[in-house]
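Q: Could you show me how to read a single residue and a pocket in a model?

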Amino acid sequence: MEFLTNDKLVIVGAAGMIGSNMAQTALMMGLTSNLCLYDVFSPEGVAEEMRQSGFDNVNITATTNVAEAFKDAKYIISSGGAPRKQGMTREDLLKGNCEIAEQLGKDIKAYCPDVKHVVIIFNPADLTGLVTLLYSGLKPSQVTTLAGLDSTRLQSALAKKFGVLQSKVTGCATYGGHGEQMAVFGSAVKVDGKPLNDLIGTDAFTAEEWETMKVDVTKGGAKIIELRGRSSFQSPSYLSVEMIRAAMGGEKFRWPAGTYVKTDKYDHIMMAMNTTLDANGCHYTMPEGTAEEIAKLDASYAHLCKMRDELVTLNIVPAISEWNKINPNL
């Protein structure tokens, strides 16, 4: 079996549904011959099932010991937080999961400071990613969060609406915070070659339908909980492994990623931007859109800042004036 790299990939939270799906996806993609499954609950059952799947020439280890798991790690994907339950928003998980993220960052700094890239997917991902970055000592380009799931939900919704393959819906992007305040950008979208803006307001797709779709996209995770009785696990698993594959130098990641942003307008925050994710890390440019879309992005940023400042109050994140003392890379 051919592998993209022999570097060690650690999946945090590997005993859960997201983590176990990430393990299988990484092996099916042939990412690495060195896969470590880590969880505070024993992931040995997942490891054994992966071995019994018959993947060739790969060393699969499982441990509940963080020092053992992170030793020599070069790539990490973490789903190691509490999942959403019925009736919960991503923001409801704020305090507990950000405390987990703080410890994750400290463990990275202690046991694998030479890690190349870390993907954070446990919610609220923008804040858990920010906290992980702050305490890990890594460069901003080395830590990304799952944000592309909202863009794929937009693509899926439009494909179903117009009865076309998802590949026929291009230019889908959502920016800002991964949550119900995320900004849905439709101005660059094309459906089977036709600009979406030319379709909005017609009998085929009324303006009211478009507004409803944008809301539904940002609540896509809650819809999965309603339909399946549990939070999403297959879609975030797949997309997060696509992200780490891009960081390993593999196929380009097609969607926006959550990344650390510091500009004159958006300061000291983790949010989805127009990103390039590859072996050089994650780099971003400002999204381009209509005045209304940019206003939605501004509102999403303000919402993230409110949550970030709540973490300052809770003593999980130090005040902005102290950030650079903890992590000079910021």
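A: Let us begin with one residue: Lys-262 sits in the loop that runs between β12 (258–261) and β13 (269–272), where strands are DSSP runs of E of at least two residues and helices runs of H or I of at least four, numbered from the N terminus. This is a predicted model, in which local features need pLDDT of at least 70 and side-chain atom pairs pLDDT 80 or more, while totals for chains, interfaces and linings use all residues. Residues are numbered from 1 along each chain as its sequence is written, and side-chain values use heavy atoms, with hydrogens and water left out.

Q: Why does Lys-262 count as partly exposed?
A: Buried means under 20% relative accessible area and exposed over 50%, with partly exposed in between (1.4 Å probe, protein chains only); Lys-262 counts as partly exposed because its relative accessibility is 45%.

Q: Which residues is Lys-262 in contact with, leaving aside neighbours within four places in sequence?
A: Contact means heavy atoms within 4.5 Å, and on that basis Lys-262 touches Asp-267, His-268, Tyr-284 and Leu-330. Of these, Leu-330 is 68 residues away from Lys-262 in sequence, yet their C-alpha atoms are 8.5 Å apart.

Q: With which side chain does the side chain of Lys-262 make a polar contact?
A: A polar contact is a pair of N or O atoms within 3.5 Å, within protein one able to donate a hydrogen and the other to accept it, and residues adjacent in sequence count only if both atoms are side-chain atoms; here the partner is the side chain of Asp-267, at 3.1 Å.
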